[in-house]
Amino acid sequence: MPKTKKKIGIEKVWNRWGWIFISLMLIGVVMFIFYPIVYSLYLSTFSTRGFLKTFVGFGNYIKLLQDNYFILALKNILIILVVQVPIMLFLALIFATLLNDPKLKFKGIYRTALFLPAVTSLVAYTILFRMMFSNEGLVNNFLMTLRIIKEPIRWLLDPFWAKVTLIIALTWRWTGYNMMFYLAGLQNIPMEVYEAAEIDGATKTVQFFKITVPLLKPIILFTSITSTIGTLQLFDEPMNLAAGVVTGSSVGPGNSLLTPSVYIYNVCFKYSPNFGYASAISYVIVMIAAVLAFVQFKVAGERR
Amino acid sequence: MSKKLRYFLIYTFLTISAFISVFPFFWMIVGSTNTSVEVLKGKLTFGSQFVTNFKNLWDNYNLGRVLWNSVKISIFVVILSIIVSSMAGYGFEMYSSKGKNRVYSAFLLTMMIPFAALMVPLFRLMNFFNLIDSHWGVILPMIPSVFLVFFFRQNFSQYPKEIIMAARVDGANELQIFFSIVLPSMKSAYAAAAIYAFMTSWNAYLWPLVIIQSEQNKTLVLMISNLASGYTPDFGTVMMAVVIATLPMLIVFFSLQRYFVQGVLGSVKQ
């Protein structure tokens, strides 16, 4: 029977009810997400100083290419993206695999302990790390007592070590969080798969790379995309990690903790505000996020 | 490698990792009882400054007011965002149509957008509504959570449609069905969503930083950030503030662990 174009009365009524249920959310999203993202694009073609607005077309985007701060901010997050995200996700995967062993004892305690950092507020834990990594502080004391280092490391005063501190802090905060995704995923892999591999003589390492990683691929993809977007958005940690330690307007020693989000904030609210230029920066970040997500999809797809 | 040695190494590795994860919590509590110098030197034993630090925070930094601001913002965000997003999740799932699915896909795409990209127009919008330096300016943009819509839709997809049909036959209207039949039976999903919303609002930093300008409207997170970035902060007091900011999350976590994990992670399905 051909489908009738006119909907039956009751379905029309239900359809309308559906929109009623969605309406509040729709208003919110249009006002606070759709409108800003479109307006941002429009604004990025202007140079704004206070109430003064001059059309510059692609001018802001061209200016960006020569903006050393912007390039530095991109470099900084790129380093974190390439170093921190893989370390964290690999560690999370190891933890999840170990905790998935049915013979392991105290599983619940380990799981809770490893997840615990994920309950902290980003600002609070950053400041906690700032105090732990102070020059005469806890971490230096510990390393010197163990004779791993002879002189205190200038964690928050040296551009290289400041980045290392940030990477350690991020890994502490997010590893357990990502581990929980993997644990949830591992529960869908029947234990018999591993038992069969065991009988066939596959070592634990082979099992990890040949069973666990391929079967968890969708979740690994998901966590790497969320971690990538998270890294591109980094704000709370770089803003607070070395604040007060480093004087002046530098974000971390030698701007080593400057990220695009921090830069956008500074362009808007700290220096002489230029909303148009800030919008252009934010659009570049949106593009980078989209490209990286696309690349990750491709890479995951090809290895299938 | 023998089996025993293997397990020995696994337990050692896990114990050290668990220790590293938990240690900062212990040190934070210790720190709140010590002086500024002791905190910076990494003292590991409890001191006698607990009351001093708390009093300093209460008297000189207006802790009562600041806490109230944070609580107020969180309560509004939690209640409003779970109502709005669960209704939307229900609408998308139970009355699915081509048009709605398109809107839903558009919603999901916005999860990719970094908040910093929305910040400038949002600031101007709030300025237009005259909501700069007000709590409603902080609350409003935090209400529509696309993630929660996604989360609720996933949960409603498991709800038996027969019950809804039966209620319709009995003459209940759609809003009645949702609020008095479906909603009360989804308690665990609502608990998880409430925890998620609470965490985002209680810990929010960038948006309140943009919107709130006066001391009296500051949230706890803003106060901590301010407190720690001065030239000579009192780190004992900072530690106390960090403890106070973390405590509610810890309590929620340990009392509602199952919902908490669900709320933080959302529903992951392969």
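Start by selecting residues 217-232 of chain A in this predicted model: they form helix H10, whose 16 residues reach 22 Å from the first C-alpha to the last, close to the 22 Å expected at 1.5 Å a residue. With the side chains of H10(A) switched on, colour A:Ile219, A:Ile220, A:Thr223, A:Ser224, A:Ser227, A:Thr231 and A:Leu232, which are the buried residues of this helix. As a guide to reading such a list, an α-helix has 3.6 residues a turn, so residues three or four places apart point the same way.

Now widen the selection to the whole of chain A, whose secondary structure comes to 13 helices and two strands. The C-alpha atoms of chain A fill a box of roughly 80 × 70 × 35 Å along the principal axes, and the radius of gyration of the chain is 25 Å, where a compact globule of 304 residues would have one near 19 Å. Of those 304 residues, 40% count as buried, and of the contacts in chain A with a separation of 6 or more, 71% are between residues 24 or more positions apart.

Two loops of chain A deserve a stop. In the loop between helix H3 (68-99) and helix H4 (107-115), select A:Asp101, which counts as partly exposed because it has 14 C-beta neighbours inside 10 Å. Then add A:Met191 to the selection: A:Asp101 and A:Met191 are 90 residues apart in sequence, yet 9.2 Å apart in space from C-alpha to C-alpha.

The other loop runs between helix H11 (236-241) and helix H12 (260-269) of chain A, and A:Asn255 is found there. Its phi is positive, at about 55°, although A:Asn255 is not a glycine. Most residues other than glycine have a negative phi. Is A:Asn255 buried or exposed? A:Asn255 counts as buried, because it has 20 C-beta neighbours inside 10 Å and 20 is the number at which a residue begins to be counted as buried.

Move to chain B and select B:Asn130, in the loop between helix H6 (116-128) and helix H7 (135-139). B:Asn130 also has a positive phi, of about 65°, without being a glycine, but with 10 C-beta neighbours inside 10 Å this residue counts as exposed.

Seen as a whole, chain B has 15 helices and zero strands, and its C-alpha trace spans about 70 × 70 × 35 Å along the principal axes. Of the 270 residues of chain B, 45% count as buried, while residues 24 or more positions apart account for 75% of the contacts in this chain with a separation of 6 or more.

Within chain B, show helix H3 (residues 50-60) together with helix H14 (residues 235-255), which pack with their axes 9 Å apart and at an angle of about 80°; H3(B) and H14(B) are therefore roughly perpendicular to each other. To display the contact itself, pick B:Asn53, B:Phe54, B:Asn56 and B:Leu57 on H3(B), and B:Gly236, B:Thr237, B:Met240 and B:Ala241 on H14(B). By class, the residues of this contact are four nonpolar, four polar and no charged.

Finish with both chains displayed, where 70 residues of chain B are in contact with 74 residues of chain A. On the side of chain B that touches chain A, select helix H1 (residues 3-31), which gives the most to that side, with 10 residues. Colouring the same side of chain B by class shows 54 nonpolar, 13 polar and three charged residues.

How values were computed
Residues numbered from 1 in each chain as written. Chains lettered and ligands numbered in written order. Helix = DSSP H or I, 4+ residues; strand = E, 2+ residues; numbered from the N terminus. Expected span 1.5 Å × (residues − 1). Buried ≥ 20, exposed ≤ 12 C-beta atoms within 10 Å, placed from the backbone. Rg over C-alpha atoms; globule rule 2.2 N^0.38 Å. Contact = placed C-beta atoms within 7 Å. Nonpolar A, V, L, I, M, F, W, Y, C, P; charged D, E, K, R; others polar. Axes fitted to C-alpha atoms, helices over the stretch in contact; angles between N-to-C directions. Parallel < 35°, antiparallel > 145°, perpendicular 65-115°, else oblique.
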